[in-house]
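Hi,

Here is the structure I said I would pass on. Have a look at it first, and then read my notes underneath.

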Amino acid sequence: MARFRQIFVCATPGEGRCGARGGGELLRLFEEEVARRGLSGTMVVRNTCTRRHERGPVVFIFPDDVWYYEVAPEDVPRIVERHAAGDRIMG
Ligand code: FES
């Protein structure tokens, strides 16, 4: 069974919000990374504003309950590896 993970990426538009800080590009990069690795149990979800955008763009991992702040494009492979790599393990 594939490991279940949801990667919530805030890409809310507006001045000073995550969308203006690269959230849209992050959303696309997470989708591409998950698809490239074939992680069938991992979903990438566009998140709504959680009022944390002063430290945006913000990424939340469920059910791990881990928040990432000021996420950069180069962080995407590491975050996917850390939280979704177990997706490859059959149980
Ligand atoms: S716009 Fe991303 S937390 Fe507010």
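**A buried cysteine, and what surrounds it**

C18 counts as buried because 27 C-beta neighbours sit inside 10 Å of it, and the cut-off for that label is 20 or more. Before I go on, please keep in mind that this is a predicted model. C18 is found in the loop that runs between β1 and α1. If you skip its neighbours within four places in sequence, C18 is in contact with C10, A11, T12, G23, H53, G56, P57 and V58. There is also a long-range pair to look at: C18 and E70 are 52 residues apart in sequence, yet their C-alpha atoms are 9.1 Å apart in space.

R21 belongs to that loop between β1 and α1 too. Is R21 buried or exposed? It is buried, since 21 other C-beta atoms lie within 10 Å. Not counting residues up to four places away in sequence, R21 touches G56 and P57. R3 is another matter: R21 and R3 are 18 residues apart along the chain, and 30 Å separates their C-alpha atoms.

**Overall layout**

Stepping back, the protein has two helices and four strands, and along the sequence they come in the pattern β-α-β-β-β-α. The C-alpha atoms fill a box of roughly 45 × 20 × 15 Å along the principal axes. The radius of gyration is 13 Å, which agrees with the value near 12 Å for a compact globule of 91 residues. Buried residues make up 34% of the 91. Of the contacts with a separation of 6 or more, 66% are between residues 24 or more positions apart.

**The sheet**

The four strands form an open sheet with mixed pairing, in the order β2-β1-β3-β4. β2 (42–47) and β4 (66–68) are at the edges with a single partner strand each, so one side of each has no neighbour in the sheet. From one strand to the next, the twist averages 20°.

Going through the pairs:

- β1 (residues 5–10) and β2 run parallel and are joined by six bridges. F8 stands opposite V45 in β2, and V9 stands opposite R46 there.
- β1 and β3 are antiparallel, with four bridges. In this pair, V9 has V59 of β3 as its bridge partner.
- β3 (residues 59–62) and β4 are antiparallel over three bridges. Here F60 is partnered by W67 in β4.

How does the chain get from β1 to β2, and what is the handedness of that crossover? It passes through helix α1 (residues 23–37), and the β-α-β crossover is right-handed.

**The nonpolar core**

As a reminder, nonpolar side chains tend to be buried together in soluble globular proteins. In this model the largest nonpolar core has 19 residues, and V9, L26, L27, F30, V34, V44 and V59 touch the most other members. β1, α1 and α2 (76–84) each supply at least two of its residues, and α1 gives the most, with five. If you want a place to start clicking, try L27: leaving out residues up to four places away in sequence, L27 touches V9, A11, V44 and R46. V9 turns up again in that list, having already appeared as the bridge partner of V59.

**Backbone details to check**

Some backbone geometry in the loops is worth a look in your viewer.

Which peptide bonds are cis? One is the bond from G56 to P57, with omega near 0°; P57 lies in the loop between β2 and β3. Both G56 and P57 are among the contacts of C18, and R21 touches both as well. Another cis peptide bond joins F62 and P63, with omega about 5°, and P63 is in the loop between β3 and β4.

Then there are positive phi values in residues other than glycine. D65 has phi near 60° and lies in the loop between β3 and β4. D65 is exposed, because 7 other C-beta atoms lie within 10 Å. E70 has phi near 50° and sits in the loop between β4 and α2. E70 counts as partly exposed, with 13 C-beta neighbours inside 10 Å. This is the E70 whose C-alpha atom is 9.1 Å from that of C18.

Cheers

How values were computed:
Residues numbered from 1 in each chain as written. Predicted model: local features only at pLDDT ≥ 70, side-chain atom pairs only at ≥ 80, totals over all residues. Pairing = 2+ DSSP bridges. Axes fitted to C-alpha atoms, helices over the stretch in contact; angles between N-to-C directions. Right-handed = clockwise from strand over helix to strand, strands pointing away. Buried ≥ 20, exposed ≤ 12 C-beta atoms within 10 Å, placed from the backbone. Contact = placed C-beta atoms within 7 Å. Core = buried A, V, L, I, M, F, W, Y, C linked by C-beta atoms within 7 Å. Rg over C-alpha atoms; globule rule 2.2 N^0.38 Å.
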